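Let's walk through this protein together, starting with one local feature and working outwards to the whole fold. Keep the structure open beside you as you read.

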Amino acid sequence: MRVVSSDDRCPCTSGLTFGECCGPLLEGRRRAPTAQTLMRSRFSAFAVGDREYLLATWHRRTRPGDLELDDEIDWYRLDVTETSGGGPFDDAGEVAFVAHHRTDGVRRTMSEHSRFVREDGRWYYVDALGVR
């Protein structure tokens, strides 16, 4: 796992520090109030290699039995391009984003349109409608 201090800039590129943004979610001290917040925290989990958080925030209906993360991928920037629903009073939402990463020193992007649901006051990632 990559170590990020609470004073470091958050990997999700919100502009906040990790301690103000995704850190408390990954540590289980706070829940994501919106689908976009959960999306950002999941990106940060990929960036720091927090496999357990990713599995815990994946909906039980679509969650894989195990998850292996590639240590060679350096996730360094997230651009949220669109949101639909997913607010604090919604039960479903969608978030489209572009995730920037480096692999073997080569910069690449991955685009995804993700679906989320809220059950018992907690947001979960369901699946991707499209990945590029």
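A good place to begin in this predicted model is the lining of the largest pocket, to which helix 2 (35-48) and strand 1 each supply at least two residues. The space in this pocket comes to about 260 Å³. Its lining consists of 13 residues, and those closest to the centre are F46, L69, D70, D71 and I73. Sorted by class, the lining of the largest pocket holds seven nonpolar residues, five charged ones and one polar one. Rolling a probe the size of a water molecule over the atoms is what shows where such empty space is left.

From the pocket, I73 leads us straight into the strands. I73 has T103 in strand 2 as its bridge partner, and this is one link in the pairing of strand 1 (residues 73-85) with strand 2, which run antiparallel and are joined by 11 bridges. Further along the same pairing, T83 stands opposite V95 in strand 2. Between strand 1 and strand 2 there are six residues, and the two strands form a hairpin. In the turn, G86 has a positive phi of about 75 degrees.

Now follow strand 2 to its other partner. Strand 2 and strand 3 (residues 106-119) also pair in the antiparallel sense, over 12 bridges. Within that pairing, H100 stands opposite T109 in strand 3. How enclosed is strand 2 by the rest of the structure? Nine of the 12 residues of strand 2 (residues 92-103) are buried, so this strand is largely enclosed. As you look along any of these strands, remember that in a regular strand the side chains alternate between the two faces of the sheet.

The loops deserve a look as well. Strand 2 and strand 3 form a hairpin with two residues between the strands, and D104 has its place in the loop there. Most residues other than glycine have a negative phi. D104 is not a glycine, yet it has a positive phi of about 55 degrees. D104 is also exposed, with a relative accessible area of 67%. Moving on to the loop between strand 3 and strand 4, we find D120. Here too a residue that is not a glycine has a positive phi, about 50 degrees in the case of D120. Is D120 buried or exposed? With a relative accessible area of 80%, D120 is exposed.

Past that loop comes strand 4 (residues 122-131), where L129 lies. Leaving aside residues up to four places away in sequence, L129 touches E94, H113 and R115. One of these, E94, is 35 residues from L129 along the chain, while the C-alpha atoms of the two are separated by 9.1 Å.

Finally, step back to the whole protein. It has three helices and four strands, and along the sequence they follow the pattern α-α-α-β-β-β-β. The radius of gyration is 14 Å, close to the 14 Å that the globule rule gives for 132 residues, so the protein is as compact as a globular protein of that length. Along its principal axes, the C-alpha trace spans about 40 × 30 × 30 Å. Of the 132 residues, 41% count as buried. Among the contacts with a separation of 6 or more, 44% are made by residues 24 or more positions apart.

Conventions. Residues are numbered from 1 along each chain as its sequence is written. This is a predicted model: local features need pLDDT of at least 70, side-chain atom pairs count only at pLDDT 80 or more; totals for chains, interfaces and linings use all residues. Side-chain values use heavy atoms; hydrogens and water are left out. Buried means under 20% relative accessible area, exposed over 50%, partly exposed in between (1.4 Å probe, protein chains only). Two strands pair if DSSP finds at least two bridges between them. On a 1 Å grid over the protein atoms alone, a cavity is a set of points where a 1.4 Å probe fits but cannot get out, and a pocket is an open set with protein on both sides within 12 Å along at least five of seven lines; lining residues have an atom within 4 Å of a point. Grid points are joined across faces, edges and corners, and a volume is the space filled by probe spheres set on the points. Ala, Val, Leu, Ile, Met, Phe, Trp, Tyr, Cys and Pro count as nonpolar, Asp, Glu, Lys and Arg as charged, and the others, Gly among them, as polar. Contact means heavy atoms within 4.5 Å. The radius of gyration is taken over C-alpha atoms; the globule rule is 2.2 Å times the number of residues to the power 0.38.
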